[in-house]
Amino acid sequence: MGNVGQTDLHDLNEPIINHSEGQLFLSEAFKIIVEEVLCKGTDVNEKVCQWKEPEELAALLDLELRETGEPQHQLLQRIKDVAKYSIKTSHPRFFNQQFGGVDYHSLAGRFLSETLNTNLFTYEVAPVFILMESEVLRGLRLLVGWTHGDGLFCPGGSTSNMYAMNLARYQLFPEVKSQGLWGLPRLAIFTSPESHYSVKKGAAFLGIGTDNVILVKVDDGGRMIPEDLDEKIKQAKSQGAVPFLVSCTSGTTVQGAFDPLDHIADVCEKHKLWMHVDAAWGGSVLFSKQHRHLMKGVDRANSVAWNPHKMLVAGLQCSVLLLRDTTNLLKQCHSANATYLFQQDKFYDVNLDVGDKSVQCSRKVDCLKLWLMWKAVGSSGLAERVDKAFVNVRYLTEKMKKREGFQILREPEFVNLCFWYIPPMNCLDHTPVIKERMMKQGSMMVGYQPLGNKVNFFRVVVFSPLLSTKDLDFFLNEIERLGNDM
Ligand SMILES: Cc1ncc(COP(=O)(O)O)c(C=O)c1O
């Protein structure tokens with residue numbers, strides 16, 4: 001053992017971590033998490049955020065890492081501080097983004113997968129989750145309308161979209177895997193200006209280039225116009241580009257628009273293009289008998305990205321890429337055949353080792369949280385949540401229409417409601433000021449943005465199963481309270 005003695009090690013016969021001490025710490029930490037994050041963090045009498053300027057926050061948190069460790073009581077205090085100064089995204093008055101809320105079964109799944117700490121690449125280390133992932137993907141595919149196909153849990157919708165791009169390109173030019181971009185023609189992607197920015201990021205990341213993301217016109221509701229898509233594809237071809245992918249959106253990030261998938265599918269079939277549906281936000285409507293018509297034609301797509309961590313409140317991250325393909329394209333496109341993981345002479349069916357389909361090596365278990373929640377409430381329970389979100393947004397819209405000072409951008413098609421609040425004195429661009437006030441007072445959180453030549457407006461996303469009409473009434477009153485002196 002050479003010079004072990006020179007370092008100040010503890011007794012080598014003992015483990016370095018003390019289990020009973022560790023487990024006691026964990027149960028104390030758990031109490032704090034339940035109290036601070038789940039009880040206070042969802043209580044409408046408590047704040048959504050405790051705003052601090054960055055310098056003050058850094059000092060309060062005492063972030064510096066030091067040579068020696070700290071006693072348990074101090075660490076428990078640190079856990080309290082982290083909880084205290086973090087944004088309470090489970091709070092019913094967190095309307096800021098398309099994630100938030102809490103589902104306790106999913107949360108139990110999240111704790112369990114964190115604790116089991118395994119890697120979703122081989123059956124050897126993740127037997128339960130390999131089978132579970134496959135079943136959850138099958139269930140989601142069935143909702144799309146595919147009895148067969150493939151898929152993968154990915155670290156977010158942006159990544160799912162990039163996977164779709166890579167697969168579409170590989171299907172057309174399989175040599176890209178070994179030869180790279182050398183020798184490829186100029187490729188073109190078509191999407192709407194309302195699509196998520198990850199389409200452009202993906203094009204940059206994969207060497208396609210953002211200039212080759214061609215924007216198709218949208219109608220007044222923010223939905224892609226299929227006739228313009230057809231036109232833009234012809235135009236690109238005439239300019240020597242090779243169109244290969246149309247990325248449609250089901251539930252656009254800002255306005256919640258649903259592109260007309262059936263008509264777009266006709267155009268894709270005509271030009272033999274891969275049709276991808278970015279349903280990261282809107283995909284969950286597929287659970288609802290009442291609202292799934294918004295995605296009519298989705299079964300004609302080649303791939304679908306869907307984030308159950310958004311509307312279904314499965315918890316970050318939970319995102320899938322679903323494929324109609326049955327030729328093992330995912331694996332052909334991404335495999336590297338590492339022999340230390342994916343030995344072909346294993347004692348079990350090596351097709352269960354799905355890890356080589358992914359561009360990641362280590363891959364988190366993201367299926368358990370959705371599986372447990374789905375088991376708990378069933379497809380009907382998830383459908384009910386989706387339906388309730390639509391009812392809530394309708395409630396808020398109707399209230400807003402009757403209230404002075406509020407002006408909606410357009411009738412919501414989904415659960416995003418974009419609106420202006422015009423204060424009595426009509427102060428110019430007051431929206432960021434109202435946002436600043438709400439954060440500093442900690443009463444609620446809602447996002448805002450400009451759009452084209454339209455000045456800043458608020459975008460409220462109404463989907464958390466924790467929401468009641470009281471919270472929606474509060475929302476309106478609070479916007480008014482925060483802005484009525486401007
Ligand atoms: C339509 C759409 N696609 C993709 C994404 C990106 O998903 P993620 O944040 O999981 O990368 C979002 C996120 O807001 C989205 O709204």
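The legends below describe close-up views of a predicted model.

**View 1. An open sheet of 5 strands, with its edges and its order.** In this view the strands follow one another across the sheet in the order β1-β11-β12-β10-β9, and their pairing is mixed. The two edge strands are β1, residues 94–95, and β9, residues 406–408, each of which pairs on one side only. At one of these edges, β9 is joined to strand β10, residues 416–421, by antiparallel pairing over 3 bridges. Within this part of the sheet, Phe406 is found opposite Tyr421 of β10.

**View 2. A helix lying across strands of the sheet.** Helix α13, which is formed by residues 431–441, lies across β10, β11 (445–451) and β12 (454–461), and runs at about 165° to β11.

**View 3. The largest nonpolar core and the surroundings of Val462.** This core contains 117 residues, and those that touch the most other members are Ile264, Met275 and Val462. Helix α12, residues 367–402, gives the core its largest share, which is 14 residues. At least three residues of the core come from each of domain 2 (108–374) and domain 3 (378–483). When residues up to four places away in sequence are not counted, Val462 touches Phe95, Ala389, Asn392, Val393, Leu396, Val415, Leu417 and Leu467. As general background for a view of this kind, nonpolar side chains tend to be buried together in soluble globular proteins.

**View 4. Strand β7, covered on both faces, and the strands that pair with it.** Strand β7 consists of residues 303–306, and both of its faces are covered, with Ser303 and Ala305 buried on one side and Val304 and Trp306 buried on the other. Strand β6, residues 274–279, pairs with β7 in the parallel sense over 4 bridges, and here Val277 stands opposite Val304 of β7. Strand β8, residues 319–323, pairs with β7 in the antiparallel sense, again over 4 bridges, and Ser303 has Leu323 of β8 standing opposite.

**View 5. A helix that is hardly covered, and the residue that follows.** Helix α2 spans residues 54–61, and the count of buried residues among its 8 residues is 0, so that this helix is described as hardly covered, where a buried residue has 20 or more other C-beta atoms within 10 Å of its own. Just after α2 comes Asp62, whose phi is positive, at about 45°.

Technical notes:
Residues are numbered from 1 along each chain as its sequence is written. This is a predicted model: local features need pLDDT of at least 70, side-chain atom pairs count only at pLDDT 80 or more; totals for chains, interfaces and linings use all residues. Two strands pair if DSSP finds at least two bridges between them. Two residues are in contact if their C-beta atoms, placed from the backbone, lie within 7 Å. Axes are lines fitted to C-alpha atoms, for helices over the stretch in contact, and angles run from 0 to 180 degrees between N-to-C directions. A nonpolar core is a set of buried Ala, Val, Leu, Ile, Met, Phe, Trp, Tyr and Cys residues joined through C-beta atoms within 7 Å. A residue is buried if 20 or more other C-beta atoms lie within 10 Å of its own, exposed if 12 or fewer, and partly exposed in between; C-beta atoms are placed from the backbone. Domain bounds come from an automatic or database domain assignment.
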